[in-house]
Amino acid sequence: MTESKNLTALAAAINAGRGIGTGDKYSPWIQVTRRTYSPYSNLNVGPVPYLKRLTHFLSRGEREFALYLWWLGAEDIREQYPLWPWPHAHPEVQIALRTDARLHPGMRAIAAEADIALRDYRGTTTADILTLDMMVTVSASVNPARLIGICCKPRSIVVAGLPTDRDVERIELDRRYCIAGDIPFRLAHPELLPKKLLVALDAVSPIEPRAALRQFVGSAPYLKYIEILQRTAYDRCAWEASKEAGKRVGWSTPAEQRAFHIAIWHQHVDHDVSRGLITTRPLVAGGIALRARGRRQWFGEGA
C-alpha cells in the first residue's frame, strides 16, 4: 500500500509538470518548502535576473554561481533539473523542437554501465529521480550545443573523496548523463569565485523581466546616460558621475540609480566587478574582459 501511494505521488509530480518547461514556465524537480531542511547548506528560494518565477537552490553556493552564470550571459538556467532514470526525450527538445528529436537513454542505463547503484524512490522499488544542479541554455553563437550541464560541489569533496564516495559517484553520474546526451559538462566549485565579485553582482543584478530590460536599454535617455557616464566615470567618483549623467537626461535619483546598476550588470560601462563596486571611487575598466574569459571557461566549446 505504501509503495502504491508513493508511486502515485511520483506520477502526480510528473503530471504536474515538475522538471519540465523553460524560463518562467519551468518547475524545478526539487522545490524548497517550509518542510525542506538541510543541516549542511543554506536552502534558498528567491528571484534572479530575467525571470518572474522564484528559483529553488539547495545551497548558497548554487545560487551565487547561478547569478554569476546569468551575468555571463546565460539565456536560461533550470535548477534541480531531473535526470529521468528511464529513456526520455533529449533535454534539447524543450528549447528547440525538432522533427528528428532523439531519446536520451536515461540514468538507469548509465548507472548500470558505470557500475554505480541507484537508490530507490522513497518507499518504492523504482529508481530515484536524480537531479543536475543546473541545466544552462546559451546561444548557439556561444556554443552550438546550446545546453551546458553544471554540477556545483565544494572542491574539498573532489580532493578528499574516494571513487566510491557517494558525492563523487553523483558527480560521475552527472557527467555521464551529459556525455550520453552530447551535452557539455562542467564541474563548478562556487566557493572559488571572488567574494567581491559575488557581492557586486548581487548588488547590481536587475530583478526585472528580460523584455522590460531590453526596452529600457534601447531607449534614447539610457543611451545618452551611458554616453555621458563612459566619459566621466573613470576620473571621478562613480556615484557623482552617475548622478550628473542622470540629471542631464532628466531622471529622478531612483531612476538614475536603477540605470547605473543596469549599466554595470550589462557592462555597458566597463567596470571590473571582481574588484567590488565602491561608488565613492572611479570605475576601473576590466569587466568586459573578465566576463569574456568567464564565458569561454564555462560556456565555450573548448572549455
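This briefing covers the overall build, the cores, selected helices and a few individual residues of the structure above. The model is predicted. The protein has eleven helices and eight strands. Its C-alpha atoms fill a box of roughly 70 × 40 × 40 Å along the principal axes. Of its 303 residues, 47% are buried. Among contacts between residues at least 6 apart in sequence, 64% join residues at least 24 apart.

**Nonpolar cores**

- The largest nonpolar core has 51 residues.
- Phe65, Tyr68, Leu69, Met134, Val136, Ile150 and Tyr225 have the most contacts inside this core.
- Helix α2 gives the largest share of this core, with eight residues.
- Another core, of 19 residues, lies apart from it.
- Among the residues of that 19-residue core are Leu132, Ile171, Tyr177 and Cys178.

**Helix α10 and its surroundings**

- Helix α10 covers residues 253–266, 14 residues in total.
- From first C-alpha to last, α10 reaches 20 Å, close to the 20 Å expected at 1.5 Å a residue.
- The buried residues in α10 are Glu256, Ala259, Phe260, Ile262, Ala263, Ile264, Trp265 and His266.
- The cover over these buried residues includes α2 (60–72), α6 (195–204) and α7 (210–217).
- It also includes α8 (220–232), α9 (238–248) and α11 (287–298).
- Gln267 follows α10 and has a positive phi, near 60°.

**Helix α8 and Tyr225**

- Helix α8 has 13 residues, which should span 18 Å at 1.5 Å a residue.
- The end C-alpha atoms of α8 are 19 Å apart, in agreement with that expected span.
- Tyr222, Tyr225, Ile226, Ile228, Leu229 and Thr232 are the buried residues of α8.
- Helices α7, α9 and α10 are included in what covers them.
- Tyr225 is one of the residues with the most contacts inside the 51-residue core.
- Beyond its neighbours within four places in sequence, Tyr225 contacts Ser242, Ala245, Gly246, Val249 and Trp251, among others.
- The contacts of Tyr225 also include Glu256, Ala259, Phe260 and Ala263, and these four residues are buried in α10.

**Packing of α3 on α5**

- Helix α3 (residues 107–114) packs against helix α5 (residues 166–180) at an angle of about 115°.
- The axes of α3 and α5 are 10 Å apart.
- Their crossing is right-handed.
- On the α3 side, the contact involves Met107, Ile110, Ala111, Glu113 and Ala114.
- On the α5 side, Leu173, Arg176, Tyr177 and Ala180 meet them.
- By class, this contact has seven nonpolar, no polar and two charged residues.
- Tyr177, part of this contact, also belongs to the 19-residue core.

**Buried Glu64 and Thr131**

- Glu64 lies in helix α2.
- Glu64 has a relative accessible area of 18%, so this residue counts as buried, the cut-off being under 20%.
- Outside its neighbours within four places in sequence, Glu64 is in contact with Lys195 and Leu198.
- Glu64 and Leu201 are 137 residues apart in sequence, yet their C-alpha atoms are 9.0 Å apart in space.
- Thr131 lies in strand β6 (residues 130–137).
- With a relative accessible area of 11%, Thr131 is also buried.
- Leaving aside neighbours within four places in sequence, Thr131 contacts Trp29, Ile30, Gln80, Tyr81, Pro82 and Leu83, among others.
- Arg170 and Asp174 are also contacts of Thr131, and both positions fall within the 166–180 range of α5.

**Positive phi in exposed loop residues**

- Asp115 has a positive phi, near 60°, although this residue is not a glycine.
- Asp115 sits in the loop between α3 and β6.
- The relative accessibility of Asp115 is 70%, so this residue counts as exposed, the cut-off being over 50%.
- Asp182 has a positive phi of about 55° and is likewise not a glycine.
- The place of Asp182 is the loop between α5 and β8 (185–188).
- Asp182 counts as exposed, at 56% relative accessibility.

How values were computed
Residues are numbered from 1 along each chain as its sequence is written. This is a predicted model: local features need pLDDT of at least 70, side-chain atom pairs count only at pLDDT 80 or more; totals for chains, interfaces and linings use all residues. Side-chain values use heavy atoms; hydrogens and water are left out. Helices (H or I, at least four residues) and strands (E, at least two) are DSSP runs, numbered from the N terminus. The expected span of a helix is 1.5 Å times one less than its number of residues. Buried means under 20% relative accessible area, exposed over 50%, partly exposed in between (1.4 Å probe, protein chains only). Contact means heavy atoms within 4.5 Å. A nonpolar core is a set of buried Ala, Val, Leu, Ile, Met, Phe, Trp, Tyr and Cys residues joined through side-chain atoms within 4.5 Å. Axes are lines fitted to C-alpha atoms, for helices over the stretch in contact, and angles run from 0 to 180 degrees between N-to-C directions. A crossing is left-handed if the near helix is turned anticlockwise from the far one by less than a right angle, and right-handed if clockwise. Ala, Val, Leu, Ile, Met, Phe, Trp, Tyr, Cys and Pro count as nonpolar, Asp, Glu, Lys and Arg as charged, and the others, Gly among them, as polar.
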